[in-house]
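Student: I've got a model open and I'd like to understand the labels people hang on it. Can we go through them one at a time?
Tutor: Sure, here it is.

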Amino acid sequence: MVYYEDIIVTQDGNSVLCILCKISLENKNTAIELHINGERHKKNYIKKILILNNILCDCCCLCYVKITDLDHIQTSKHQGQLQEIHNFVEKDGAFIELPSMIVQSWASTEQGTKSHCTICDQFVDFTVKEIQSHIQSPKHMRSKAMALQPFNGIFSVDDNDEDLWCKICQKYFANYIEKIFDHIDDSEHYVKLSKIVRLIEGQDIVIDNYLTNSTEDKATCNRCKTLVSCNIDNLERHIKGKRHKNA
């Protein structure tokens, strides 16, 4: 049998054991090669290399040097830290890109694994403390408020830095970060926008221009190659019409 790293022959000689993945395989080169080229073995091999080079589990702030410590990522502590990070990111709106899951938050001690905040264009250490601290920072709050405005039909008012205008609700409100979040989370705003989004779902109708352009009052129906006034009544009438149904 050809020598394969991490593959050992069992006592009966009829099968082999992958000590990295802890599974038995048929003692044939084709079966072994199929396994070592598979995703499971590749991921475990990457983890092994990282550990042999003294890696750091960033989210748990622990350093490991033994192959047996691969089991660390299955522990409740590690999984709990990962879940807490994911909860923070999802609640914030998923603006933070987490490290590649192929290494399960393991990184070299020299470079470290970083998370990337896409709206602040800033790298953050992959720990609960650092991610939470960044999400709650004034810089991130300002960036988040600016990022959310176009997706919620909120615009600046000409010659007026003190107020903002919501196209969805046809309301003005003070230009403060807290007020922006309060308005977006308000049930009236959420219900009105959600009704439109649910109505056009699967209908090949887009409202991007409507939400991002203060003077645009139309939605675009790509199926019919036409513009439709962006309100519930007109959108419903268009969707139920013969032209749209037969397009």
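Tutor: Keep in mind that this is a predicted model. Let's begin with β14 and β15, which form a hairpin with four residues between them. In that turn, K225 has a positive phi of about 55°.

Student: What makes β14 and β15 a pair of strands?
Tutor: Two strands pair if there are at least two bridges between them. Four bridges join β14 to β15 (residues 226–229), so they pair, and they run antiparallel. One spot to click on is T220, which stands opposite L227 in β15.

Student: How do you know that β13 pairs with β14?
Tutor: The cut-off is at least two bridges, and β13 (residues 205–206) has two bridges with β14, so they count as paired, in the antiparallel sense. Here V206 stands opposite T220 in β14.

Student: Which side chains of β14 are buried?
Tutor: A219 and C221, which point to one face. K218 and T220 point to the other face and are not buried. In a regular strand the side chains alternate between the two faces of the sheet. β14 (residues 218–221) shows that alternation.

Student: What about the other hairpin, β11 and β12? How many bridges does that pair have?
Tutor: Four, between β11 (residues 160–166) and β12 (residues 171–174), in the antiparallel sense. The bridge partner of C166 is K171 in β12. The hairpin has four residues between the strands, and Q170 takes a positive phi near 55°.

Student: Does a record say anything about that stretch, and which residues does the annotation "domain: U1-type" cover?
Tutor: The unreviewed UniProt entry puts it on residues 13–48, 52–85, 112–147 and 161–196. Over residues 161–196 the chain is 53% helix and 28% strand, with the end C-alpha atoms 29 Å apart.

Student: Why is the contact between F155 and W165 called a tilted aromatic pair?
Tutor: A pair of aromatic rings is described by the distance of the centres and the angle of the planes. Centres must lie within 6.5 Å, and F155 and W165 come to 6.4 Å. The planes are 35° apart, and since stacked needs under 30 degrees and edge-to-face over 60, the pair is tilted. F155 lies in strand β10 (residues 154–157) and W165 in β11, so the pair ties together parts that are ten residues apart in sequence. F155 and W165 are both buried. The count for the chain is one aromatic pair.

Student: What makes K167 a charge over a ring?
Tutor: The distance limit is within 6 Å of the ring centre, and the charged end of K167 sits 4.3 Å from the centre of Y210's ring. K144 lies over the face of F181 at 5.2 Å from the ring centre.

Student: Why is P138 called exposed?
Tutor: Exposed means over 50% relative accessibility, and P138 has 55%, so it counts as exposed. P138 is found in helix α5 (residues 138–151). P138 and I177 are 39 residues apart in sequence, while their C-alpha atoms are 9.5 Å apart in space.

Student: And for the whole chain, what share of residues counts as buried?
Tutor: Of the 247 residues, 38%. The secondary structure comes to ten helices and 15 strands. The accessible surface is about 15000 Å², and 50% of that belongs to carbon and sulfur atoms.

Methods: Residues are numbered from 1 along each chain as its sequence is written. This is a predicted model: local features need pLDDT of at least 70, side-chain atom pairs count only at pLDDT 80 or more; totals for chains, interfaces and linings use all residues. Side-chain values use heavy atoms; hydrogens and water are left out. UniProt positions are given in the numbering used here, feature names are shortened, and annotations may be inferred rather than shown by experiment. Buried means under 20% relative accessible area, exposed over 50%, partly exposed in between (1.4 Å probe, protein chains only). Accessible areas come from the Shrake-Rupley method with a 1.4 Å probe; for residues, only the protein chains shown count as cover. Rings of Phe, Tyr and Trp (its six-membered ring) pair if their centres lie within 6.5 Å; planes under 30 degrees apart count as stacked, over 60 as edge-to-face and the rest as tilted. A charge sits over a ring if NZ of Lys or CZ of Arg is within 6 Å of the ring centre and within 35 degrees of the ring normal.
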